[in-house]
Amino acid sequence: MNSFTDQQLLRDYAESRSESAFAELVRRHVDLVYSAALRMVRDTHLAEDVTQGAFVVLSQNAAQLTDHPVLSGWLHRTAQNLAVKTIRSEVRRRAREQESVVMNELLSADSDATWDHIAPHLDHALSELTEADRDALLLRYFERKSAREMAQTLGVSDEAAQKRVNRAVERLRELFLKRGLTVGAGALGVVISANAVQAAPISLATTVLSAASLTGASIATATTAVQTIVMTTTQKVIFATVLTAIVGVGVYETRRASQLESRVHTLENQQGPLTEQMRQISRERDDATNKLAASVQETERLRRELTGLPKMRGEMARLQQNAHELAQVKEAVAAVDTDQAQSEMKAWLTRVHQLKQRFDLMPQAKIPEFQLLTEQDWLTASKGKLDDETDFRRAMSALRSAAENKFVNMLQPALHKYLTEHQDVFPTDVSELRSYFYPEHAAILEHYTIVPASDIPNLNMGGKWIITEKTRIDSENDAIYGVGPNGWGNTGLPAIKDHVLTSAIKILTPVMEACTAANNGKESNDPARLIPFLKTPEQRAAYDQVLAIKAKREAFPKVP
């Protein structure tokens, strides 16, 4: 059974009511469903009821789900629907718990989104994702499948599966950010993977199987009801007696449901005064929130005025975050059971060390945005092999791209604020945006410049001007990033000319024509021959730029 897919097991159960097939489905998914239910109802007994109900619904709909590609996504949605119904029956208790959670969030001084903060919001945030993103997260972090296994399940390539996971993690992080929970994309994946799925009680799987078996028996009984038409007289009398008993039970259950509904109405009437008290508490909470927001703004203003201390704190926070992520990776390595997995993780960390050594040997290959990188970024860049110079250049370019991607995500909102405050007039120099950055990040702006949008035709960011890097380190591998009024993007692998080089060549065109004419129409590949024909400071500066770019590109592959 272990080698069968979920769809094969469902088909076997739907066609032959195979208890072993259904038992295997329960074994595979009971932890996921129980953990999701536990996060939503926050009560072990209620979570067991929700889990049992989800698998009962699965047994009833097995035939309709045989072609469903990701069963865990359907189970998660079913568990969520059942949990919502369960929560509604516990209105008063849930109201007190929700108010307690809100007050705890207001009183908390820690802005880090630990698991205790993330857990109450995780399943609601998952429900706001698209089905494709939610399935990707469930396969990767809840079922702990590798990229290859995900690709086989989703019918895509390994790279596409990993990209889908990265996109889903980023969107989930944005949803948490809207709820006031700040957490890095790398840390979010580690926290969810470590805590999202908890072991269900041992007896729960047995309970689920029993309930599903009863459901299956009920269905089988309904199917054979037609056969009673040809029963003997004695059998018909017995059947009538049993039918009367069933009807009696139905009447009893109906009366009991009516009594329960009456009790619910009574509880709702009693809840009225409590609701008003909760509204008063909510108003007081909103007032406290406004005061807290004002205090945060004042603190932020004072922090910006102290340029030295914030920079040190920011650097310390970054180092602590990197150390924390590295510790988590090391803990993950220590927790691996198999020698092969341990060997792969150690080799991965070795590649990270090799990549850092390579940058130490080649400081000219670094860019200012490197201060934004985390240990997760280094791990991602070192995921592939590093056997030769081509591999190193690819990894170094990927790391620069990750750093630039982080900075342009900060640069675009800053540009938007500037345009809003200056009637959509584009800045003439990137230094005009320094006031929109923290002091420790403002210096990165020196790596950027403003050029006409026509210089980078592959990027359509709106408007006539665009902000981009002054130069690229590796023209064969590094992409060109651009930020404009309508967003930001990159050109992918370099397919267009460096805008600085293009501008310099335009300035030197008259110089090159004069040199060619002086040499009887013969062009020269020696840049030194252009020196006698440089007439203006602008031409001299353009000549120096071309030499600098040429030297950097020729020297890059020669690693000491």
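A nonpolar core is a set of buried Ala, Val, Leu, Ile, Met, Phe, Trp, Tyr and Cys residues joined through side-chain atoms within 4.5 Å. With that in hand, here are some close-up views of this predicted model.

**View 1. The largest nonpolar core and the helix that gives the most to it.** Welcome to the largest nonpolar core, a group of 63 residues. Phe55, Leu58, Leu122, Phe142 and Leu172 are the members with the most contacts inside this core. Helix α2, spanning residues 19-41, is its top contributor, supplying 13 residues. A second core, separate from this one, has 21 residues, and Tyr418, Phe437, Tyr448 and Val483 are among them. In soluble globular proteins, nonpolar side chains tend to be buried together.

**View 2. The surroundings of Leu122.** Which residues does Leu122 touch once its neighbours within four places in sequence are set aside? Its contacts are Arg39, Trp115, Phe142, Leu172, Phe176 and Ile192. Two of these names, Phe142 and Leu172, also appear with Leu122 in the list of residues with the most contacts inside the largest core.

**View 3. A salt bridge between Arg39 and Asp123.** Look here for the side chains of Arg39 and Asp123, which meet in a salt bridge with an N to O distance of 2.8 Å. Arg39 belongs to helix α2 and Asp123 to helix α6 (residues 115-128), so this pair ties together parts that are 84 residues apart in sequence. Are these two partners buried or exposed? Arg39 is buried because its relative accessible area is 7%, and Asp123 is buried too, at 3% relative accessibility.

**View 4. Glu24 and its salt-bridge network.** The structure holds 19 salt bridges, and this view picks out a linked group of them. Asp6, Glu24, Arg27 and Arg28 are joined in a network of salt bridges. Within this network, Glu24 pairs with Arg27, their closest N and O atoms lying 2.5 Å apart. Both residues sit in helix α2, 3 residues apart, or about one turn of the helix. Glu24 counts as buried because its relative accessibility is 7%, under the 20% limit.

**View 5. Asp133 and Arg171, a pair linking two helices.** The side chains of Asp133 and Arg171 form a salt bridge at 2.7 Å, N to O. Asp133 is in helix α7 (residues 131-142) and Arg171 in helix α9 (residues 158-178), so the pair ties together parts that are 38 residues apart in sequence. How does burial compare across this pair? Asp133 is buried, with a relative accessible area of 1%, whereas Arg171 is partly exposed at 36%. Neighbours within four places in sequence aside, Asp133 is in contact with Arg164, Arg167 and Ala168 as well as Arg171.

**View 6. Arg394 in helix α16.** Our last stop is Arg394, which is found in helix α16 (residues 389-421). Its side chain reaches the backbone oxygen of Lys385 at 2.9 Å. Not counting residues up to four places away in sequence, Arg394 touches Ala381, Gly384, Lys385 and Leu386. Where does Arg394 stand between buried and exposed? Arg394 counts as partly exposed because its relative accessibility is 34%, in between the 20% and 50% limits. Glu476 is 82 residues from Arg394 in sequence, while their C-alpha atoms are 9.7 Å apart in space.

Technical notes
Residues numbered from 1 in each chain as written. Predicted model: local features only at pLDDT ≥ 70, side-chain atom pairs only at ≥ 80, totals over all residues. Heavy atoms only, no water. Buried < 20%, exposed > 50% of the residue type's maximum accessible area, 1.4 Å probe, protein only. Helix = DSSP H or I, 4+ residues; strand = E, 2+ residues; numbered from the N terminus. Contact = heavy atoms within 4.5 Å. Polar contact = N/O pair within 3.5 Å; in protein donor to acceptor, adjacent residues only side chain to side chain. Salt bridge = Lys/Arg side-chain N within 4 Å of Asp/Glu carboxyl O.
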